[in-house]
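Visitor: I'm new to this one, and I'd like a close look at a single part before anything else. Could you start there and then walk me onward?

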Amino acid sequence: MVLISPVADTQPSICGNPPSAPDRGPSGGCGFDLTLTRTLLLPAGHPALRAQDRLLEIIESGMAASGSYIGNPQPAQAALADIRALGGRVLADLPQNAITNLVPPDLADGHLVPDPGSRLASRAVERPGFMAPPRAVSTAVAVTIALRVLEHREVHEAGDVMRGLLETMREELGQISAGSIDDWGRGLSPVPNAVHLAALAPSLRPSDQLRFRTVTAMPSRPNLTDAELTRRAGKIPGMFWQSWALRLAPSDGVYPRVLAPVLASALLVVGSKTKLDAAAQRLGAITEGSEISRILQLLDDQPHWPAMITALMRLADYLDTHDVPIDYRRRRRLNYTGLLPHEQWVGICRRTGTPPGQVRREQVVRSQLFQRISGLPTEAAPGYPSGGEAPFRAEVARTAALHTPELAAELDQVANELLASHGVRDEPVTWRPPISLLDGLDLPGPDPARIDIPHLHRIIRQQKNPAQYAAESLGTSIEAIRLILDE
């Protein structure tokens, strides 16, 4: 026999909870007169009914796999926790006038006009969003607005909607950061985190856009371990690959010597927590954090920045998933003191018919060969002349026109001999990532593949300033001409 304790003094029309325990008597409940409850009738197709259908779909299927979850399905429990977190933030921080703009008037009025006499309703007003709403209409408002964000198939479209909410909340939330969403609820799935980062992307610093991978389909928090970062650093030269730097360089405003180490260091920022100074240090300290920040800010102002940051992320992913034939960390540490002595240079010129020029030309060739092998800047080469930068750069331009396949082969032989003297016999002299990674991107720099190389060779020896003349004749940059001639 089952004994059921009678509930004393209960009234069917008054809200009350079930007895908490047989020996403690009945609970008083909230005491609201249920006969005064307002009933809201919603027409078919109402946003609140659609939201309810979406919740039932998630619960019955056990998964959230539509809207923003389509690319990253989540278990129902996780998705419902996401919706609860967003809905709670709506109730806690969204001003009343904003709510009236986001849900139909019947829903907004039902939420904003309280039922008289409900003790739970007055308690909920004190900490809205932090406890269950006392009325279904308030829950409907929260869920409808939350799903208004998460119903978008593209995370960045959902981010646009969330950005509007965040901007409306900003006065109450204060400074919004990438980690602010941690205060919204525990154990959120990657989807609302990605939407939140997409919402903040336009206001993030360029380095943080790299760090949080904001242009990808699913932005995410940095998760690269120190060991993974070390491996990536060993695959990157201190001076960014010239063929890549050329494609990413804006038409004006950034000198290639300044841009190359910044782009190389930026690769270490992608998906990692490393500081800018630490990134530069890993690649030979060619630049510093303040310079990286300054140049990235300049690039961020360019219309091609989204394509540029996409290129860097594609390249970082490629380096993380592929072996490369050169250990650039080892290359940075080799001793280059004996590279291309004078007698060897003279012998190469004799065999290839190359005019040896004066001392400065020899210094130019040696410095460029040093950079080609080490991945470090030319001024780090042994014997690099101090001062006189302008004459040196002028000689660089003149020397570019002297490059022939025969001279390139001789210099590659010199490089191989130096590497072999340090026990490096299994690496090519130089390497670059596949240019195909840049396919489909609208980048600011010229594409050397579009230059008529036979025509370039015909005109390059006919002028006093051949590289500049060729660049003007072919409608490209001097750097593009030099790259083609070097290769």
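Visitor: What is the relative accessible area of leucine 56?

Guide: Leucine 56 comes out at 41%, so it counts as partly exposed (buried is under 20% relative accessible area, exposed over 50%, partly exposed in between, with a 1.4 Å probe and protein chains only). A quick word before we go on: this is a predicted model, where local features need pLDDT of at least 70 and side-chain atom pairs 80 or more, while totals for chains, interfaces and linings use all residues. Numbering starts from 1 along each chain as its sequence is written, and side-chain values use heavy atoms, without hydrogens or water.

Back to leucine 56, then. You'll find it in helix H1, which covers residues 47-61 (helices are DSSP runs of H or I, at least four residues, numbered from the N terminus). On the surface, Leu56 joins Ile59 and Leu80 in a nonpolar patch (residues over 30% relative accessible area with no salt bridge, nonpolar side chains joined within 5 Å). Together, Leu56, Ile59 and Leu80 offer about 240 Å² of accessible area (Shrake-Rupley method, 1.4 Å probe).

Now step back along the chain to leucine 42, which sits in the segment before H1. Leucine 42 is partly exposed too, because its relative accessibility is 27%. Its C-alpha atom is 8.9 Å from that of leucine 107, although 65 residues separate leucine 42 and leucine 107 along the chain.

Two loop residues have a backbone quirk. Arginine 213, in the loop between helix H9 (206-211) and helix H10 (226-233), has a positive phi of about 50 degrees without being a glycine. With 16% relative accessibility, arginine 213 counts as buried. Leucine 340 isn't a glycine either, yet its phi is positive, at about 50 degrees. Look for leucine 340 in the loop between helix H16 (328-333) and helix H17 (342-352). Leucine 340 is buried because its relative accessibility is 0%.

What about charges? The model has 14 salt bridges (a side-chain nitrogen of Lys or Arg within 4 Å of a carboxyl oxygen of Asp or Glu). Take arginine 282 and aspartate 226, whose closest N and O atoms are 2.6 Å apart in one of these bridges. That pair links distant parts of the chain: arginine 282 belongs to helix H13 (residues 276-282) and aspartate 226 to helix H10, 56 residues apart. Arginine 282 is partly exposed at 27%, whereas aspartate 226 is exposed at 53%.

Another bridge brings glutamate 427 together with arginine 331, at 3.0 Å from N to O. Glutamate 427 is in the loop between helix H20 (405-421) and helix H21 (453-459), while arginine 331 is in helix H16, so the bridge ties together parts 96 residues apart in sequence. Here glutamate 427 is buried, at 10% relative accessibility, and arginine 331 is buried as well, at 1%.

Some bridges share partners, and in this way Arg205, Asp208 and Arg211 become one network. Within it, aspartate 208 bridges to arginine 205, with 3.2 Å between the closest N and O atoms. Aspartate 208 has a relative accessible area of 12% and is therefore buried; arginine 205, at 52%, is exposed.

Technical notes:
Patches are made of residues with over 30% relative accessible area and no salt bridge: like charges are joined within 9 Å, nonpolar side chains (Val, Leu, Ile, Met, Phe, Trp, Tyr) within 5 Å.
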